[in-house]
Amino acid sequence: GGASKINATLFRGGPELTVRTVERLSRIRIDAYLLTGFEGFRRMVTEIGGLDVRVPYPMSDASSGARFRAGPTRFDGPEALAFSRNRHDAPGGDFGRSLNQGSVLVAALRELHEDARRDPLTLYRWMAAGFQNLQTDLALGEMFDLAMATLSIDPSRVRNRVVSGGGGTVGGQSVVRLGAEAQRLFRDLARDGMLGGR
């Protein structure tokens, strides 16, 4: 769809165009997507009762509202969003922000495991939060299967990685250009859906 930022694909052709664009860039087949916005993200984190995340460094970013001390922190929905949006004082800018977003996803996986271990019925609370706040191309039964499958993934074995690259400008817009290391990582993931060996 042109040479603008990748997030423009969402406005030009919806999540389906974004998926096709990422598949073309990475050469990795994407089976499904889950999409939410800022408000949906805030609500989901609030509805599941918050998340425990380790803040890697002190944050004080007026743009995102991220004002946190370094160390373990219990986030409510608005705090999790502020942490996930912060890029102005994140090392590496967009790369640091992406790493923090990955930390939130791993924290959610860990929280889901802990909730399900304490009371398996809490899985329904998680699913209700997802159904109300996510857009997806998955059918209802597939969403349930995905939720159940996450319980087989050990959070301690999940590695939070961000593809490498460098900054640049295209048409007056700040962009990220991916390098050779990113392509190597994509090839690795395309083989079996996992980074490195088992």
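## How α2 sits among its helix neighbours

Helix α2 passes helix α3 in a right-handed crossing. Everything described here belongs to a predicted model, so let's begin with this pair and work outwards.

α2 covers residues 38-47 and α3 covers residues 77-85; their axes lie 7 Å apart, at an angle of about 130 degrees. The two helices are therefore oblique to each other. On the α2 side, the contact is made by Phe-38, Phe-41, Arg-42, Val-45 and Thr-46. α3 answers with Gly-77, Pro-78, Ala-80, Leu-81, Ser-84 and Arg-85. Sorted by class, the residues of this contact are six nonpolar, three polar and two charged.

**The buried face of α2**

Which residues of α2 are buried? They are Gly-40, Phe-41, Met-44 and Val-45. Viewed down the helix axis, these buried residues fall within an arc of 130 degrees, so they line one face of α2. The spacing fits a general rule: an α-helix has 3.6 residues a turn, so residues three or four places apart point the same way. The elements covering the buried residues include two strands, β2 (51-55) and β5 (71-75), along with the helices α3, α4 (94-118) and α5 (122-133). Just past the end of α2, Gly-49 adopts a positive phi of about 95 degrees.

Two of the buried residues, Phe-41 and Val-45, also take part in the contact with α3. The other pair to follow is Gly-40 and Met-44, which are buried and reappear in the contact with α5.

**α2 against α5, and α5 against α6**

The axes of α2 and α5 come within 9 Å and cross at roughly 170 degrees. That makes α2 roughly antiparallel to α5, since angles over 145 degrees are counted that way. This crossing, too, is right-handed. α2 contributes Gly-40, Arg-43, Met-44 and Glu-47, while α5 contributes Arg-125, Ala-129, Gly-130, Gln-132 and Asn-133. The class tally for this contact is two nonpolar, four polar and three charged residues.

α5 has another partner in α6 (140-150). Their axes are 11 Å apart and the packing angle is about 130 degrees, which makes α5 oblique to α6. α5 passes α6 in a right-handed crossing. Leu-123, Tyr-124, Met-127 and Phe-131 of α5 meet Leu-140, Met-143, Phe-144, Ala-147 and Met-148 of α6. What classes make up this contact? It has nine nonpolar residues, with no polar and no charged ones.

Here are the three helix pairs side by side:

| Helix pair | Angle | Axis separation |
|---|---|---|
| α2 and α3 | about 130 degrees | 7 Å |
| α2 and α5 | roughly 170 degrees | within 9 Å |
| α5 and α6 | about 130 degrees | 11 Å |

**Two residues to look up**

Ile-153 sits in the loop between α6 and β7 (165-170). Is Ile-153 buried or partly exposed? Its relative accessible area is 40%, so it counts as partly exposed. Apart from neighbours within four places in sequence, Ile-153 touches Leu-109, His-113 and Val-158. Its C-alpha lies 9.5 Å from that of Arg-110, although 43 residues separate the two in sequence.

Asp-188 lies in helix α7 (residues 180-192). With a relative accessibility of 10%, Asp-188 counts as buried, because the cut-off is under 20%. Setting aside neighbours within four places in sequence, its contacts are Met-194, Leu-195 and Gly-196.

Technical notes: Residues numbered from 1 in each chain as written. Predicted model: local features only at pLDDT ≥ 70, side-chain atom pairs only at ≥ 80, totals over all residues. Heavy atoms only, no water. Axes fitted to C-alpha atoms, helices over the stretch in contact; angles between N-to-C directions. Helix = DSSP H or I, 4+ residues; strand = E, 2+ residues; numbered from the N terminus. Parallel < 35°, antiparallel > 145°, perpendicular 65-115°, else oblique. Left-handed = near helix turned anticlockwise from the far one by under 90°. Contact = heavy atoms within 4.5 Å. Nonpolar A, V, L, I, M, F, W, Y, C, P; charged D, E, K, R; others polar. Buried < 20%, exposed > 50% of the residue type's maximum accessible area, 1.4 Å probe, protein only. Arc of directions from axis to C-beta.
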